[in-house]
Amino acid sequence: MQLSLNGFSSMASSQSTDHQTEELIPEQKASIPCLAFWPDGSRLIAVVGPGLQIWNVKEKTREGEAIRCGFFTNFTTVAVSTDGKKFATGGTYRDGGQVLLWDANARRIEHTFDKPAISRCLCVVHFSSDTRFLVFAFEREYMSDSLEVRNTTDGSCVCVLEPRKGNNRCTRFSPDDKRLAACGVCIQIWELATGRPSLEIKQRAHSLEWTKDGSRVIANNLANGQLMMYDAHTGTQIRCWRDHAGGIPAPQLWPYICMSVSPDGRFLASVRGNVVHVWDLENVREVARYSFPRDMFCVAYSPNGDFIVSGAYICKAPKKHDTLVLNNISNQRSVAE
């Protein structure tokens with residue numbers, strides 16, 4: 001099956017015609033630092049340049065004009081609630097950090113969480129699975145960092161946690177919403193009922209994900225391509241492997257969503273540099289690899305598990321364990337060029 005999009009054709013691997021890659025956001029030259037799907041998979045929202053853009057995935061068309069929030073606002077992260085009614089953005093405003101909670105249908109800001117000029121929002125924003133809570137982190141110069149959990153209904157503060165300094169790269173609620181994990185200079189896990197830390201793993205990481213049953217956390221280090229799986233209760237390392245992709249410059253400059261677990265929990269997609277790898281989590285064997293014309297800074301599985309999106313590209317997700325699929329589109333160009 002050969003897919004096409006607005007005159008763009010995918011270059012399928014010679015090993016397989018079942019795993020296609022095509023440009024979802026055509027003529028997009030700037031890097032896309034973050035994107036997120038709506039829970040039904042029909043739309044996605046991406047940080048594109050100075051604003052946000054919503055895309056209809058099925059029709060592969062933009063929905064409305066780009067969303068901007070003034071000259072001084074710079075978006076870096078975005079997340080969509082599990083009910084699809086809200087989305088949240090993180091970034092900077094003037095010289096400080098800013099997180100905004102939006103009404104998704106009206107595209108209207110419901111709550112604004114500003115921090116003074118000594119702060120900036122680096123951490124990926126994340127909703128709890130029941131949509132009740134939103135978590136984000138602020139890096140505070142000359143002070144301890146803060147990790148805040150907010151009520152998405154009224155914007156009130158549920159709790160404020162103090163992670164290790166620099167532990168603000170990524171935050172994730174556990175699947176049952178009872179725990180919260182953050183990473184950066186190390187990996188930390190808190191019990192939300194008490195607000196107390198329950199585990200600290202002395203391993204630097206740029207991004208993390210929970211397994212679907214919440215028993216393990218997976219983290220990666222973009223500097224050396226190392227991926228690690230830990231027991232979420234004891235901190236014991238279960239597996240460790242590398243992607244062997246080329247390095248990327250200055251990984252500390254961006255927050256990343258550079259891993260995504262498939263909806264069935266069987267696979268993990270990870271991105272580093274211009275390559276997306278798909279791993280079988282049962283034996284951490286690589287089952288697919290996609291390379292792109294430029295470096296990618298985010299990756300996400302579609303809610304039905306059929307597609308993987310990285311930057312401006314959408315890929316047909318692998319379903320089998322037995323064949324390594326290679327897909328290289330580094331020479332792909334748009335017809336407009």
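Let's start with a cysteine in this predicted model: Cys183 is buried, and its relative accessible area is 0%. Cys258 is in a similar spot on paper, counting as buried at 1% relative accessibility.

So what about disulfides? The structure holds zero of them. Cys183 is in no disulfide, and the nearest cysteine sulfur, in Cys170, lies 5.1 Å away. For Cys258 the closest cysteine sulfur also belongs to Cys170, but at 7.5 Å that is too far for a bond. A pair would need its sulfur atoms within 2.5 Å to count. Here are the sulfur distances side by side:

| Cysteine | Nearest cysteine sulfur | Distance |
|---|---|---|
| Cys183 | Cys170 | 5.1 Å |
| Cys258 | Cys170 | 7.5 Å |

**The chain as a whole**

How many helices and strands are there in the protein chain? Zero helices and 32 strands. Buried residues account for 58% of the 337 residues. Take the contacts between residues at least 6 apart in sequence, and 45% of them join residues at least 24 apart. On the outside, the chain exposes about 14,300 Å², with carbon and sulfur atoms supplying 48% of that area.

**One of the sheets**

Four strands line up as β4-β5-β6-β7 in an open sheet, paired antiparallel. At its edges stand β4 (35-37) and β7 (61-62); each has a single partner strand, so one side of each is left without a neighbour in the sheet. Inside that order, β5 (residues 43-48) and β6 (residues 51-56) run antiparallel to each other and pair over six bridges. One of the bridge partnerships puts Val48 opposite Gly51 in β6.

**Nonpolar cores**

Which residues touch the most other members of the largest nonpolar core? Ile32, Leu44 and Val278 do, out of 33 residues. Strands that each supply at least two residues of this core include β4 and β5 from the sheet above, along with β26 (267-272), β27 (275-280) and β28 (285-291). Further along the chain, β29 (300-301), β30 (307-310) and β31 (313-316) each do so too.

Val278 is worth clicking on. Setting aside neighbours within four places in sequence, its contacts include Phe267, Leu268 and Ala269, then Arg285, Glu286, Val287, Ala288 and Tyr290. Tyr301, Ile308 and Pro318 are in contact with Val278 as well.

Then there is a second, separate core of 17 residues, and among them are Ala36, Ile54, Val78 and Ala104.

Note on methods: Residues numbered from 1 in each chain as written. Predicted model: local features only at pLDDT ≥ 70, side-chain atom pairs only at ≥ 80, totals over all residues. Heavy atoms only, no water. Pairing = 2+ DSSP bridges. Buried < 20%, exposed > 50% of the residue type's maximum accessible area, 1.4 Å probe, protein only. Contact = heavy atoms within 4.5 Å. Areas by Shrake-Rupley, 256 points an atom, 1.4 Å probe, with all protein chains shown as cover. Core = buried A, V, L, I, M, F, W, Y, C linked by side-chain atoms within 4.5 Å.
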